[in-house]
Amino acid sequence: MERGKNMESLPTDLILEIFTRLPSKYVAKFRTLSKHWASTLRSSDFKKLFLARSSARPRLLFGVERYQHNEWFFFSSRQPQNRRYEKSLLLDYHTKVTGDVSSFVCSYASGLIYFPFVRIIEKDTPLICNPITGMYEGYEVMKYSRSHGFLGFDPIDEQFKVLDQDSILTIGSGEVNWRTKDISFDGCYDRCSIAGICINGVLFYLAITYGPRSFVLVRFDVRSEEFNFIDAACFNDHLKHLSGLSLVNSKGKLGVVNCNFADAGGRRTVELCMSVLEDVETQEWVKYVYTLPQNEVLESCEFKVAGVAAATGDFVLCMKYTCNPYFVFYFNPEKNTLQSVEIHGFGAELEAVEDRGEVYAFVDHVEDLSVSDALQLKSSISHIKTLCACCKKVVQRDNIEEEV
């Protein structure tokens, strides 16, 4: 029997179930086969089914930056559910971004990545990118930008917006110009290099006030576009060491995390501190301190706090740079357990000491086809044309599906 007839003989429900188990980039490819497949795989029923399946199996997304080569690589791995930890996991490789990518930290919200600046033929362009499919859309750069922006997402209207200080760009609305919002704040501030985070439609980021220098937490409601400023002077000990702080989603509330090394019987141990914003109105912070179980690898390497897994409440820690072996650590504060999972698949080039990349990890990554379709991301990152630094000629990079 012919292959096409075999496919037609399968029940539609079974076919859709098979597609929900595929990464979204393969769904996008099948949509181009015919009008029938395009209609079927763009239907609201399929999108809901795909989101339900994706939500039940969230992934750990890895962005690897090789600043010296102007490259970003995106991978993902399974994220442990129900505290079932495997000793090792294999990465799936998705996308590579090549060119003059800015040194500013990218921003993540609801499955998409925002690059404040990517130089495309001598023009700086902010990009919204789907790290799984490689589809992107470029936007107008804002003149005189100082903060370089954060990406936020409103889950009610399914609307993305970029916030750059007091300027807002609504994504996917046909809006091409930045709008300025009047902000009521006594004094001046500037964002710091710590990545922001969007929680249930509210964007948070840490900023530093001028004279005297002090932390303030900026709270931006993506839907209403209202600002709140919350005193965060309790973190001023980190003004000189900004990289020590991370913003996380702790059961729907904002948590600010930092890790310290402590001495326990002559052996170095890791102490994890998290301050949770319990009440926005009263600006109440509640601090939790945990001493992690001893682990020789964690105690001897540089690492970052990727976030808190929603399903398990585990703190997810990842090694700061690609290497071999590379580990991700899961700390459960209730049971005081620490599990290490070895990650394979960055590739020999990224694992080499001289060419290693810095790792940015994002927990609970879920693919939502409705969100991606609403933005109408049209272009592939592989179509980005840049100016060769050597000969000054326009070149096109082959970024998608490239072997690492």
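Contact means heavy atoms within 4.5 Å. The model used in these exercises is predicted.

**Exercise 1. The whole chain**

Task: Find how many helices and strands the protein has, and what share of its residues is buried.

Solution:
- Step 1. Count the elements. The protein has eight helices and 30 strands.
- Step 2. Turn to burial. The protein has 404 residues, and 51% of them count as buried.
- Step 3. Look at the surface. The accessible surface comes to about 19900 Å². Carbon and sulfur atoms hold 48% of that surface.
- Step 4. Check the reach of the contacts. Take the contacts with a separation of 6 or more. Residues 24 or more positions apart make up 52% of them.

**Exercise 2. Two helices that meet**

Task: Describe how helix H2 (residues 12–20) and helix H5 (residues 44–55) cross, and name the residues that meet.

Solution:
- Step 1. Choose the quantities. Two packed helices are described by the angle between their axes and the distance between the axes.
- Step 2. Read them off. The axes of H2 and H5 come within 9 Å and cross at roughly 45 degrees.
- Step 3. Classify the angle. Angles under 35 degrees count as roughly parallel, and 65 to 115 as roughly perpendicular. The crossing angle is roughly 45 degrees, so H2 is oblique to H5.
- Step 4. Give the hand. H2 passes H5 in a right-handed crossing.
- Step 5. List the partners. H2 brings Leu16, Glu17, Phe19 and Thr20. H5 brings Phe46, Leu49, Phe50 and Arg53.
- Step 6. Sort these residues. Five are nonpolar, one is polar and two are charged.

**Exercise 3. Serine 275 and valine 256**

Task: Decide whether serine 275 is buried or exposed. Then do the same for valine 256, and list what each touches beyond four places in sequence.

Solution:
- Step 1. Place both residues. Serine 275 is in strand E21 (residues 267–279). Valine 256 is in strand E20 (residues 253–264).
- Step 2. Apply the cut-off. Buried means under 20% relative accessible area. Serine 275 has 9%, so serine 275 is buried. Valine 256 has 1%, so valine 256 is buried too.
- Step 3. List the partners of serine 275. They are Phe235, Leu254, Gly255, Val256, Trp285, Val286 and Lys287.
- Step 4. List the partners of valine 256. They are Phe235, Leu245, Ser246, Leu247, Cys273, Met274, Ser275 and Trp285.
- Step 5. Compare the lists. Phe235 and Trp285 appear in both.
- Step 6. Add a distance. Valine 256 and alanine 232 are 24 residues apart in sequence. Their C-alpha atoms are 10.0 Å apart in space.

**Exercise 4. Backbone details in loops**

Task: Find which loops hold lysine 251, glutamine 283 and proline 325, and describe the backbone there.

Solution:
- Step 1. Start with lysine 251. Its loop runs between strand E19 (245–250) and E20. Lysine 251 has a positive phi of about 55 degrees although it is not a glycine.
- Step 2. Judge its exposure. Exposed means over 50% relative accessible area. Lysine 251 has 78%, so lysine 251 is exposed.
- Step 3. Go to glutamine 283. Its loop lies between E21 and strand E22 (284–291). Glutamine 283 also has a positive phi of about 55 degrees, and is not a glycine.
- Step 4. Judge its exposure. Glutamine 283 has a relative accessible area of 31%, so glutamine 283 is partly exposed.
- Step 5. End with proline 325. Its loop joins strand E24 (315–319) and strand E25 (326–332). The peptide bond from asparagine 324 to proline 325 is cis, with omega near 5 degrees.

Definitions and conventions: Residues numbered from 1 in each chain as written. Predicted model: local features only at pLDDT ≥ 70, side-chain atom pairs only at ≥ 80, totals over all residues. Heavy atoms only, no water. Helix = DSSP H or I, 4+ residues; strand = E, 2+ residues; numbered from the N terminus. Buried < 20%, exposed > 50% of the residue type's maximum accessible area, 1.4 Å probe, protein only. Areas by Shrake-Rupley, 256 points an atom, 1.4 Å probe, with all protein chains shown as cover. Axes fitted to C-alpha atoms, helices over the stretch in contact; angles between N-to-C directions. Parallel < 35°, antiparallel > 145°, perpendicular 65-115°, else oblique. Left-handed = near helix turned anticlockwise from the far one by under 90°. Nonpolar A, V, L, I, M, F, W, Y, C, P; charged D, E, K, R; others polar.
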